[in-house]
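User: I would like to go through this model in questions and answers, beginning with a single residue and working outwards from there. Please give the reasoning before each value or name.

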Amino acid sequence: MKKNLLIITIVFFIKSCISPSDEPILIIKNKSEITIDSIVTYTSINLLTTFYSLSPNEKIEGKILFDKRNKDDGCYNMIIYSKGSILKKKCFGYYTNGGSLHRRFTITIQKDTIKINSI
């Protein structure tokens, strides 16, 4: 039991010492039945990452951009547009001191939900 507790403590300590990641990778999969006009993701409204035209069963990849001068904490924001209107809005993940706590997000857009996995 003591050995397990020691291992958990060491892993937690090492993870807490690792600096936040810059610009995590974003993989978006459209598993819905509609074409998505665009997807906008951001930490700051001044620095957007925009993906255009995502057909059903299509996948795209990019990065979430950070404003290096902004050292805030918060969640990532995502707005999905279809047929010229906002289809869905979502807040996901977390960043701190202007850096991501995650290296990659895989976002699956389905007909009635959005699934988000991160590492």
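User: Is threonine 108 buried or exposed?

Analyst: This is a predicted model, and the statement rests on its computed coordinates. Threonine 108 belongs to strand E8, which spans residues 104–109. Because its relative accessibility is 13% and the cut-off for burial is under 20%, threonine 108 counts as buried.

User: Which residues is threonine 108 in contact with, once its neighbours within four places in sequence are left aside?

Analyst: The criterion here is heavy atoms within 4.5 Å. With the sequence neighbours up to four places away set aside, the contacts of threonine 108 are Lys29, Lys31, Thr113, Ile114 and Lys115.

User: What is the bridge partner of threonine 108 in E9?

Analyst: Strand E9 covers residues 114–118 and runs antiparallel to E8, to which five bridges join it. The two strands form a hairpin, with four residues between them. Within this pairing, the partner that threonine 108 meets in E9 is lysine 115.

User: What is the order of the strands in the open sheet of five strands?

Analyst: The protein chain holds one helix and nine strands, and along the sequence the helix precedes the strands in the pattern α-β-β-β-β-β-β-β-β-β. Five of these strands make up an open sheet with antiparallel pairing, and their order is E3-E2-E5-E6-E7.

User: Which are the edge strands of that sheet?

Analyst: In the order E3-E2-E5-E6-E7, an edge strand is one that pairs on one side only. That description fits strand E3, residues 47–54, and strand E7, residues 99–100.

User: How many bridges pair strand E5 with strand E6?

Analyst: Strand E5 takes in residues 74–82 and strand E6 residues 85–96, and they pair in the antiparallel sense. Among the facing residues, tyrosine 81 has isoleucine 86 as its bridge partner in E6, while isoleucine 80 stands opposite lysine 88. The pairing of E5 with E6 extends over eight bridges.

User: Which residue takes a positive phi in the hairpin of E5 and E6?

Analyst: This hairpin has two residues between its strands, and the positive phi lies near 55°. The residue that takes this value is lysine 83.

User: Which residue in the turn between E6 and E7 has a positive phi?

Analyst: E6 and E7 run antiparallel and are joined by two bridges, with tyrosine 95 standing opposite serine 100 in E7. They form a hairpin with two residues between them, and the turn residue with a positive phi of about 55° is asparagine 97.

User: What separates the C-alpha atoms of threonine 49 and leucine 65?

Analyst: Threonine 49 lies in strand E3, and because its relative accessibility is 10%, threonine 49 counts as buried. Beyond residues up to four places away in sequence, threonine 49 touches Ile39, Val40, Thr41, Lys63, Ile64 and Leu65. Although threonine 49 and leucine 65 are 16 residues apart along the chain, their C-alpha atoms are separated by 6.5 Å.

User: How far apart in space are isoleucine 79 and cysteine 91, C-alpha to C-alpha?

Analyst: Isoleucine 79 has its place in strand E5, and because its relative accessibility is 12%, isoleucine 79 counts as buried. Leaving aside neighbours within four places in sequence, its contacts are Ser38, Ile39, Val40, Tyr42, Ile86, Lys88 and Lys89. Cysteine 91 is 12 residues from isoleucine 79 in sequence, and the C-alpha to C-alpha distance is 9.0 Å.

User: What is the volume of the largest cavity?

Analyst: The count comes to one cavity of 30 Å³ or more. The largest cavity is lined by Thr43, Ser44, Phe66, Asp67, Asn70, Asp72, Tyr95 and Gly98, and by class this lining has two nonpolar, four polar and two charged residues. Its volume is about 40 Å³.

User: What share of the accessible surface of the protein chain belongs to carbon and sulfur atoms?

Analyst: Of the 119 residues of the protein chain, 36% count as buried. Among contacts between residues at least 6 apart in sequence, 54% join residues at least 24 apart. The accessible surface comes to about 7,800 Å², and the share that belongs to carbon and sulfur atoms is 55%.

Notes: Residues are numbered from 1 along each chain as its sequence is written. This is a predicted model: local features need pLDDT of at least 70, side-chain atom pairs count only at pLDDT 80 or more; totals for chains, interfaces and linings use all residues. Side-chain values use heavy atoms; hydrogens and water are left out. On a 1 Å grid over the protein atoms alone, a cavity is a set of points where a 1.4 Å probe fits but cannot get out, and a pocket is an open set with protein on both sides within 12 Å along at least five of seven lines; lining residues have an atom within 4 Å of a point. Grid points are joined across faces, edges and corners, and a volume is the space filled by probe spheres set on the points. Ala, Val, Leu, Ile, Met, Phe, Trp, Tyr, Cys and Pro count as nonpolar, Asp, Glu, Lys and Arg as charged, and the others, Gly among them, as polar. Buried means under 20% relative accessible area, exposed over 50%, partly exposed in between (1.4 Å probe, protein chains only). Accessible areas come from the Shrake-Rupley method with a 1.4 Å probe; for residues, only the protein chains shown count as cover. Two strands pair if DSSP finds at least two bridges between them.
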